[in-house]
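Trainee: I've got a new structure open and I'd like to talk it through with you. Can we go piece by piece?

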Amino acid sequence: MKYPFVIICCFLVFSCAEKEKSHQYTSVKIEKLYSDSISVRAIEIMDGVLGFAANKGVYGTIDFADGKVMTGVQKYDTIIPAFRSIANTSTDFFMLSIANPALLYKTAGNGKMEIVYKEEDSSVFYDAMTFWNDKEGIAIGDSMNGCLSVTITRDGGDTWRKLACSVLPKGVAGEGAFAASDTNIKTIGDKTWVATTSSSIYYSPNKGRTWELFTTPIISAKETQGIYSIDFYDENLGVAIGGDYTEPNSTNANKAITKDGGKTWQLLADGNNPGYKSCIQFIPNSGGKDIVAVGFTGISYSKDMGDSWTSLSKESFYTIRFLNDSIAYAGGKNGIAKLTFK
């Protein structure tokens, strides 16, 4: 019986290897789904819909089946919040505003949004948010009182508590994150990676209970430089991108890769395109070989784990999420589009 078992094992390994390969895309079809005079930097694929939130207090969903768009406008007293972070559980949708006051909303039983966390301070500025599971979630923001702002829920988003600076590694003065695409945080299982303006990676192996600090070689000498986005294909393979949005054509030290879970990073395609990008994502079922990066400079694609890149479109987007290995949704200035890679 041992020989058939070996044959089966070999077949399974071969099948997985065949499935997980570069898709070798050469073009992208862009179909506008929602247009408005807003800036969409936060999108999330949920159960059958794409959730989004934007500036001017706008939030909503797009149905994958029929393309129907539903929108609302959230106000707080006389304030019209700008939303750049959203997240979801299996039962609820969350959105978080930037600047002062920070307002974190959760879907309520009456179909409206209710505030579950508010933080008022002249320095407050939140950048990204996600959930580990239906009970535990995390939001991160710029440094206050000497450390990065990290706020966590353990009860499904009903209450949120900000971590004390004593729990976090000592960061760089003025360190924060870029609220450009809601992709400064990545979670896989209990593990969490947070990318900052100083091109550091805050890492937690246990859903935010303890933290370590890793460094990357991505440029961060100026306030406009640093890591704008990260993604991980698995617990070991991750990529980061950024640069300087005021010098978008600069390709110096703006892309990096890790193969050991974020402990060490090496520059990718240094000195070569693409330059500045605000969001980077692995394409599913590619073995980590296929990567897409978007920004106001267009859409770039790599089929070799970031060693080389091709420009697929000059269309401007801020953020992107993949529904499967050929279809994605992207948000940007004036709306949301469906992207089909071919």
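Mentor: Sure, let's start with a pair of residues facing each other: glutamine 225 sits opposite aspartate 244, which is in β18. Keep in mind that this is a predicted model.

Trainee: Okay, so how many bridges join β17 to strand β18?

Mentor: Strand β17 covers residues 225–232, and strand β18 covers residues 238–244. The two form a hairpin, with five residues between them. They run antiparallel, and the number of bridges joining them is seven.

Trainee: How many of the residues in β17 are buried?

Mentor: Take aspartate 231, which lies in strand β17. Its relative accessibility is 4%, and buried means under 20%, so aspartate 231 counts as buried. The strand as a whole is mostly covered, and the buried count out of its eight residues is eight.

Trainee: Which side chain makes a polar contact with the side chain of aspartate 231?

Mentor: Start with what aspartate 231 touches beyond four places in sequence: the list includes Lys186, Leu237, Gly238 and Phe282. With phenylalanine 282, the partner is the backbone nitrogen, 2.8 Å from a polar atom of the aspartate 231 side chain. The side-chain to side-chain polar contact is 3.3 Å long, and it goes to lysine 186.

Trainee: Let's move to the sheet with β9 in it. Which strands are at its edges?

Mentor: Four strands make up this open sheet, in the order β9-β10-β11-β12, with antiparallel pairing. An edge strand here pairs on one side only. That picks out residues 126–131 and residues 161–162, in other words β9 and β12.

Trainee: And inside that sheet, which residue stands opposite isoleucine 140?

Mentor: Look at strand β10, residues 137–144, and strand β11, residues 147–153. They pair in the antiparallel sense over six bridges. Facing isoleucine 140 from β11 is valine 150.

Trainee: I'm curious about the cysteines. Which cysteine does cysteine 147 join in a disulfide?

Mentor: The count of disulfides comes to one. Its sulfur atoms are 2.1 Å apart, inside the 2.5 Å cut-off. The partner of cysteine 147 is cysteine 165.

Trainee: How many residues apart in sequence are the parts that this disulfide ties together?

Mentor: Cysteine 147 lies in strand β11, while cysteine 165 is in the loop between β12 and β13. So the pair ties together parts whose separation in sequence is 18 residues.

Trainee: Is that disulfide left-handed or right-handed?

Mentor: For this one, you look at the torsion about the S-S bond of cysteine 147 and cysteine 165. That torsion is about -75°, so the disulfide is left-handed.

Trainee: Is cysteine 165 buried, partly exposed or exposed?

Mentor: Compare cysteine 147, which counts as buried at 5% relative accessibility. Cysteine 165 has a relative accessible area of 31%, which falls between the 20% and 50% cut-offs. That makes cysteine 165 partly exposed.

Trainee: Now glutamate 175. Which side chain does its side chain make a polar contact with?

Mentor: Glutamate 175 is in the loop between β12 and β13, and at 2% relative accessibility it counts as buried. Its contacts beyond four places in sequence include Asp142, Thr197, Ser198 and Tyr202. The C-alpha atoms of glutamate 175 and serine 198 are 6.1 Å apart, though 23 residues separate the two along the chain. The side-chain polar contact, at 2.7 Å, is with tyrosine 202.

Trainee: Which element gives the most residues to the largest nonpolar core?

Mentor: That core has 17 residues, and those with the most contacts inside it are Val292, Ile299, Ile320, Leu339 and Phe341. The elements that give two or more residues are β22, β23, β25 and β26. With five residues, the one giving the most is β26.

Trainee: How many residues does the second core have?

Mentor: The second core is separate, and among its members are Ile138, Ile152, Val194 and Trp211. Its size is 15 residues.

Trainee: Last one: over which residues does pLDDT stay under 50?

Mentor: The protein averages a pLDDT of 94, and 94% of the residues score at least 70. The stretch you're asking about has zero contacts beyond four places in sequence in the model. It is residues 1–18.

Definitions and conventions:
Residues are numbered from 1 along each chain as its sequence is written. This is a predicted model: local features need pLDDT of at least 70, side-chain atom pairs count only at pLDDT 80 or more; totals for chains, interfaces and linings use all residues. Side-chain values use heavy atoms; hydrogens and water are left out. Two strands pair if DSSP finds at least two bridges between them. A nonpolar core is a set of buried Ala, Val, Leu, Ile, Met, Phe, Trp, Tyr and Cys residues joined through side-chain atoms within 4.5 Å. Buried means under 20% relative accessible area, exposed over 50%, partly exposed in between (1.4 Å probe, protein chains only). pLDDT is the predictor's confidence in each residue, from 0 to 100. Contact means heavy atoms within 4.5 Å. A polar contact is a pair of N or O atoms within 3.5 Å; within protein, one must be able to donate a hydrogen and the other to accept it, and residues adjacent in sequence count only if both atoms are side-chain atoms.
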